[in-house]
Amino acid sequence: MEGLLEHPGYDGEKLRRVSEQLPCREVQAGMLLSLMGEPQQYCYPSLFIYGHRASGKSHVVNVLMKELELPHVTVSCVECVSSALLFEQVLLSFFGCDAASLLPRSPSLSDFVRIYKQRTSEFPSKQTRYIVMEQAELLRDASVNLLPALLRLQELVEDNVSVILLSEIVWDKFRPNTGCFEPLLLHFPDYSKAELLQILSAGRNSSYSAEFYSSYINILLGVFYTVCRDLRELQHLAALNFSKFCEPVAEGKVKETETHKLWKNIEPHLKKAMQTVYLREVSSLQWEQMDEHETGALRGLSAHTHVELPYYSKFLLIAAYLASYNPARTDKRFFVKHHGKIKKTNFLKKNEKTSNHLLGPKPFPLDRLLAIFYSVVDSRVAPTASIFSQISSLVTLQLLTLVSHDDQLDSPKYKCAVSLDFISAISRTVNFDIVKYLYDFL
Amino acid sequence: MSKRKAKDAHLPIGECISQVHQILRKRFCHQQLPVKPEGVEAQHKHLAELLKRTVVHGESNSVLIVGPRGAGKTMLLRSVLRELSQETEVQKNLLQVHLNGLLQTDDRIALKEITRQLQLENVVGDKVFGSFAENLTFLLDALKKGDRSSSRPVLFVLDEFDLFAQHKNQTLLYNLFDVSQSAQAPVAVVGLTCRLDVLELLEKRVKSRFSHRQMYLLSKLTFPQYLERIRDQLSLPDDFPDGKFAQEWNAAVTVNFSELFNVLLLQKKETYSFQMMCLSRVSVARPSITPTDLLDASRFCLADANANMLHGLSILELCLIIAMKHLNDVYEGEPFNLQMVHNEFKKFLQRKSNSMYNFEQPIIMKAFEHLQQLELIRPADGASAKTQREFQLMRLMLDHSQIMEALQKYPQCPTDVKQWATSAFA
């Protein structure tokens, strides 16, 4: 594989600039360049580049196109909800707005190819033209003929054009039923830990030394590498947490080289970041403004689901949880005062798979909910409308889900949509031991 | 004389390599017609005769060329047309209309395209026709020669013929075959398709008007012939400007190919990508194709994409995949949800004393969703809004062997994870 700097047909100075902007991706860029060949030669009609998120696919292709000044158009398939938008963008970039205006109201692929052919016979291309399509997996959901036609566009329009598809998903999931022209597949491998270190260290600000920053990146990778190897996420986290890392040094308490103390300072902070910023529970603005002395004051998005419920609503929710996660035949044993003898062998669960906590909540009818509710609430409660309206408000809060059809008014069915932690917290507030009543924890 | 020519025409190495790229790229990427199509001589003769009969004798014909993708159907047709157009009578008289099932998705669009390609837009003008048949007869009438005795022969080429069979009522096909059966005008209808069962797609009335003439392009090459074909395509033609260079190149290709008889069998279209990969390695610094190039190119073409993607997953995601594999083994392929996977993972963590992977549910959920975005797992029965995300049933889209192979190549995989993968109770 030749080095990036020695390709005939392209200016050496431009290639040098390209390789500066593409650290750790020289091999892939070199391969792409050698496939593209000299500008006036033909390139393979379609290329398919696949790889993980943030593995540099768009970056490499865009840098190559811009620096080497190749005629190209970059289309994001997320924007092109209809194929008319795609056709317009391509014609606009290659032939100018008068060609794009020739497209009729809702253009078909036939119109696009016809206009393209017309234009290209008037202005034949001296160089290969490139159509770069990002997030190409969305092309599968567009009309069925679009993807096969794009793959053989060079043949259909009789021009030196090449289509480059970029995607996260492998090619096997794209192939249409009756087959199509197979593109050349190129894989962009993920960055190794050393490469991530190299790229992240390049983003330092100059007020601190390079070793200091790379020790920071090492600590960051040590916490996050097992969970996430996405370059964009790591860059974001590195930028957010660096000021906290530098705090002891800036205050003069710790010297730059005392990595152990710095580690002790930053590690709990990073662990907390994993629970909040990484999961997008809090925005990065909130994170930066957080005062470290207020422990636990950082409210994430999921904290908003912990609403304060009225007394009976809590018991209704507890009853709903018990109804969802206990099988109906066990109700007698839990909720009736004198249940008599119950054979243990039928009662105990057969194997772990049937544990309801793994399978999810089961639907239950309204009557069962009320029966359990009356047995669980210690005081006597009358079945008034206020109880029933509390059930409806639980559904609106999405703590219960209505499972039956809207037309069935006489016997609605519900499911409980809360987790065990949530319901344990609620039952603790009313002094109710829910674990004693759950079949799975017998 | 040839010696003198070879001595005179000696180009610098950069120029040679550039010429090599130019020629071979035209062959692989642009699919330039070879001088003589190989292996399809009988079909070539048959088709040429058929089309000649239409043009010269005014006989209407229809034929379907059937063959798998990359068999050379379009190439066959184009070389027949190239041969025919060298005769003056054909050049003067024959009109060609090329339609493609991918582009003309509707009969209305197809009719507009036919009008355009026959250059009869002015003649049609603003007329409104009652039916498709009227329109088509009008077009064909307009092609009659001055003395109204005979009409010019028209060749209709229908690429991706099976897609035309999916139009409403198959009107285009019906009318074209109808014209070819009745004595209205000499037309030849040539359909190209990759489906072997194409006749079953046609309606009864369409099928009866078709002449049932089919040409099959099924490859009957033996393995040595196949290797020779690939080798020939990588060789330079005789009229290369620098004769000595061409000879050296061809000799190198022959020698290297004969050494590599374990080059794996590739599909026809994949041979072009294989040859492109070999060609892309040729440069001024390395002016010929070496055996390592061939091996690298074949390894590249046959790489497993799923294994490549598994290589880039984080360790947590890999552990989740191993947990899913164990669930599949125990419950024989039944769908699972996040809770079950997390439970399985927790069982593994309980056996190991280190708490390095003891993550909370939301982080496991994020890793799980990443796997879903990569389409390594898919919802078992379509996403439904009524079930909570952690209880939605999914299926794993990977094979047992793919996972084990990927684990071998995974960089710095912890040994306890590897041991867990081999046995659920390690």
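**Exercise 1. Find the residues with the most neighbours in the largest nonpolar core, then follow one of them.**

Step 1. Get the term straight: a nonpolar core is a set of buried Ala, Val, Leu, Ile, Met, Phe, Trp, Tyr and Cys residues joined through side-chain atoms within 4.5 Å. Buried means under 20% relative accessible area, exposed is over 50%, and partly exposed sits in between (1.4 Å probe, protein chains only).

Step 2. The largest core has 184 residues, and Met133(A), Phe224(A) and Phe336(B) touch the most other members. Helix H18 (residues 315-331) of chain B supplies the largest share of this core, with ten residues. Helices (H or I, at least four residues) and strands (E, at least two) are DSSP runs, numbered from the N terminus.

Step 3. Now look around Phe224(A). Leaving aside residues up to four places away in sequence, Phe224(A) touches Leu234(A), Leu237(A), Leu270(A), Ala273(A), Met274(A) and Tyr278(A); contact here means heavy atoms within 4.5 Å.

Step 4. Apart from the largest core there's another one, of 39 residues, including Leu394(A), Tyr414(A), Val418(A) and Phe432(A).

Before moving on, a word on the ground rules. This is a predicted model, where local features need pLDDT of at least 70 and side-chain atom pairs count only at pLDDT 80 or more, while totals for chains, interfaces and linings use all residues. Residues are numbered from 1 along each chain as its sequence is written, chains are lettered from A and ligands numbered from 1 in the order in which they are written, and side-chain values use heavy atoms, with hydrogens and water left out.

**Exercise 2. Work out how strand S4 of chain B is covered and which strands pair with it.**

Step 1. Strand S4(B) spans residues 187-193, and seven of its seven residues are buried.

Step 2. Split the strand by face. Val187(B), Val189(B), Gly191(B) and Thr193(B) are on one side, with Ala188(B), Val190(B) and Leu192(B) on the other; both faces are covered.

Step 3. Check the partners; two strands pair if DSSP finds at least two bridges between them. S1 (residues 61-66) of chain B runs parallel to S4(B) over six bridges, with Leu64(B) partnered by Gly191(B). S3 (residues 154-159) of chain B is also parallel to S4(B), joined by six bridges, and there Val157(B) has Val190(B) as its bridge partner.

**Exercise 3. Lay out the domains of chain B.**

Step 1. The bounds, from an automatic or database domain assignment, give domain 1 (40-216), domain 2 (222-302) and domain 3 (307-425).

Step 2. Taken over C-alpha atoms, the centres of domains 1 and 2 of chain B are 38 Å apart.
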